[in-house]
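This report is written for a reader who has not met this structure before. Please look through the sequence and the model before reading on.

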Amino acid sequence: IKFGEGYEQRLPDGINNSLLKFDLNFNGRPLHEATAIIHFLKVRGGAESFIFTPYAPFGKTKLFKCPNFNVNFEFFNNYAISANFEEAVN
């Protein structure tokens with residue numbers, strides 16, 4: 001909310017206003033690991049949540065979902081997967 005003379009008031013929007021989001025990279029993965037990661041993410045279809053423990057200082061285990069991910073073939077038996085993890089509210 002903006003008031004006159006440059007004053008403004010900021011409030012969080014909604015009850016779940018500070019959900020965690022992570023952009024994760026799984027680089028240098030051999031075919032069998034890349035296949036397992038891709039299968040895990042595809043089966044959940046971006047909607048089903050799963051348990052994930054983020055890195056420090058966010059190290060508390062929570063439910064997350066992965067709405068999108070990307071796979072790149074780097075060279076023989078070397079894949080890079082980038083994924084967006086978002087904290088789930090269910």
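The text below covers a helix, a nonpolar core and the salt bridges.

The model is predicted: local features need pLDDT of at least 70, side-chain atom pairs count only at pLDDT 80 or more, and totals for chains, interfaces and linings use all residues. Residues are numbered from 1 along each chain as its sequence is written, and side-chain values use heavy atoms, with hydrogens and water left out.

**Helix H1**

Helices (H or I, at least four residues) and strands (E, at least two) are DSSP runs, numbered from the N terminus. Helix H1 takes in residues 31-44, which is 14 residues. At 1.5 Å a residue, H1 should span 20 Å (the expected span is 1.5 Å times one less than the number of residues), and its end C-alpha atoms are 20 Å apart, which agrees.

Ala34, Ile37 and Leu41 are the buried residues of H1; buried means under 20% relative accessible area, exposed over 50%, and partly exposed in between, with a 1.4 Å probe and protein chains only. These buried residues cover an arc of only 70 degrees around the axis, which puts them on the same side of H1. The arc is taken from the directions from the helix axis to the C-beta atoms. An α-helix has 3.6 residues a turn, so residues three or four places apart point the same way.

Strand S1 (21-29), strand S3 (62-75) and strand S4 (78-87) are among what covers the buried residues of H1. On the face turned away from the buried side, H1 carries the exposed residues His32, His39 and Lys42. Gly45, just after H1, has a positive phi of about 60 degrees.

**Nonpolar core**

A nonpolar core is a set of buried Ala, Val, Leu, Ile, Met, Phe, Trp, Tyr and Cys residues joined through side-chain atoms within 4.5 Å. The largest one has 15 residues, and Phe64 and Phe85 have the most contacts inside it. S1, H1, strand S2 (50-52), S3 and S4 each supply at least two residues of this core; S4 gives the most, with four residues.

**Salt bridges**

The structure holds two salt bridges, each defined by a side-chain nitrogen of Lys or Arg within 4 Å of a carboxyl oxygen of Asp or Glu.

| Pair | N to O distance |
|---|---|
| Arg29 and Glu33 | 3.0 Å |
| Lys62 and Glu87 | 3.5 Å |

Lys62 in strand S3 and Glu87 in strand S4 are 25 residues apart, and this pair links distant parts of the chain. Glu87 is buried, at 15% relative accessible area, whereas Lys62 is partly exposed, at 27%.

Conventions: Contact = heavy atoms within 4.5 Å.
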